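Biologist: Let's walk through this model together, strand by strand. Can you take my questions as they come?

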Amino acid sequence: MLFRSVGINEIGAESQVGNFYPNPASSITSVDYAFTNTAKSVTYLVTDITGKIVLSGEFAKSVSEGTGALNVTGLNNGVYNCSISNGTETCVRKLTVIR
C-alpha cells in the first residue's frame, strides 16, 4: 500500500514567523517573518472560521525577511486564520479582530 502526503509544506526549522501584534487588532496589525530562502514574494491569505477567504495580498517581493502590515479595518469582529507563505513554506497564525 502506498501512502502520499497531502497538505501544505510547513515552515522549516530555520524559518520563523512571529505572532501578530497587536492581537487583538482593530485597524493595523503586524507580523515579523524570516524564511530560509529568498522568495519571489511573501503573501498572506486570511480566512474566517468557515474557511472563506476574506482578505489576501502580498507583504513583499524578493525578500527572505521583514515585517508585514495587515489592514483589518474591513473585517468584522471575530477570529481569523492567516496563512503566510513564501511559495514553498507556509505558516498559519491566529488573528483576532475587535472594534
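**Strands, core and odd bonds**

Biologist: Which residue in E2 does Val 17 stand opposite?

Modeller: Strands here (E) are DSSP runs of at least two residues, helices (H or I) of at least four, numbered from the N terminus. E1 and E2 run antiparallel and are joined by 2 bridges; at least two DSSP bridges between strands is what counts as pairing. Opposite Val 17, in E2, stands Tyr 33.

Biologist: Before we go on, what average pLDDT does the protein have?

Modeller: This is a predicted model, so local features are given only at pLDDT of at least 70 and side-chain atom pairs only at 80 or more, while totals for chains, interfaces and linings use all residues. Residues are numbered from 1 along each chain as its sequence is written, and side-chain values use heavy atoms, with hydrogens and water left out. pLDDT is the predictor's confidence in each residue, on a scale from 0 to 100. While 86% of the residues score at least 70, the protein average is 86.

Biologist: And which element has the highest mean pLDDT?

Modeller: At the low end is E1, with a mean of 86. Residues 1–8 have a pLDDT below 50, and beyond near neighbours in sequence that stretch makes 1 contact (heavy atoms within 4.5 Å) in the model. The highest mean, 96, belongs to E6.

Biologist: Which strands stand at the edges of the sheet with E1, E2 and E5?

Modeller: That open sheet has 3 strands in the order E1-E2-E5, paired antiparallel. An edge strand has a single partner strand, so one of its sides is left without a neighbour in the sheet. That description fits E1 and E5 (65–71).

Biologist: How much does the sheet of 4 strands twist on average from one strand to the next?

Modeller: That open sheet has the order E4-E3-E6-E7 with antiparallel pairing. Its edge strands, each pairing on one side only, are E4 and E7. With axes as lines fitted to C-alpha atoms (for helices, over the stretch in contact) and angles between N-to-C directions running from 0 to 180 degrees, the average twist is 20 degrees.

Biologist: In the hairpin of E6 and E7, which residue takes a positive phi?

Modeller: E6 and E7 pair antiparallel over 8 bridges. Among the bridge partners, Gly 78 has Val 97 in E7, and Asn 81 has Lys 94 in E7. Between the strands are 4 residues, and the one with phi near 100 degrees is Gly 87.

Biologist: What about the loop between E1 and E2: what is omega for the peptide bond from Asn 23 to Pro 24?

Modeller: Most peptide bonds are trans. Pro 22 lies in the loop between E1 (16–17) and E2 (28–34), and a cis bond with omega about -10 degrees joins Tyr 21 to Pro 22. Pro 24 sits in that loop too, and the bond from Asn 23 to Pro 24 is cis, with omega near 15 degrees.

Biologist: Which residues touch the most other members of the largest nonpolar core?

Modeller: A nonpolar core is a set of buried Ala, Val, Leu, Ile, Met, Phe, Trp, Tyr and Cys residues joined through side-chain atoms within 4.5 Å. Buried means under 20% relative accessible area, exposed over 50%, partly exposed in between (1.4 Å probe, protein chains only). E2, E3, E4 (53–61), E6 (78–85) and E7 (90–97) each supply at least two residues of this core. Among its 20 residues, the ones that touch the most other members are Leu 70 and Ile 84.

Biologist: How exposed is Leu 45 in E3, as relative accessibility?

Modeller: Leu 45 lies in E3 (residues 41–47) and, beyond four places in sequence, contacts residues including Ile 53, Leu 55 and Cys 82. Ser 56 is 11 residues away in sequence, yet 4.4 Å away C-alpha to C-alpha. Leu 45 counts as partly exposed because its relative accessibility is 31%.

Biologist: Is Thr 47 buried or exposed?

Modeller: Thr 47 is also placed in E3. Leaving out residues up to four places away in sequence, it touches Lys 52, Ile 53, Val 54, Tyr 80 and Asn 81. Since its relative accessible area is 16%, Thr 47 is buried.

Biologist: Last one: which side chains meet in the salt bridge?

Modeller: The structure holds 1 salt bridge, meaning a side-chain nitrogen of Lys or Arg within 4 Å of a carboxyl oxygen of Asp or Glu. One partner is partly exposed because its relative accessibility is 40%; the other, at 58%, is exposed. At 3.9 Å, N to O, the pair is Glu 58 and Lys 61.
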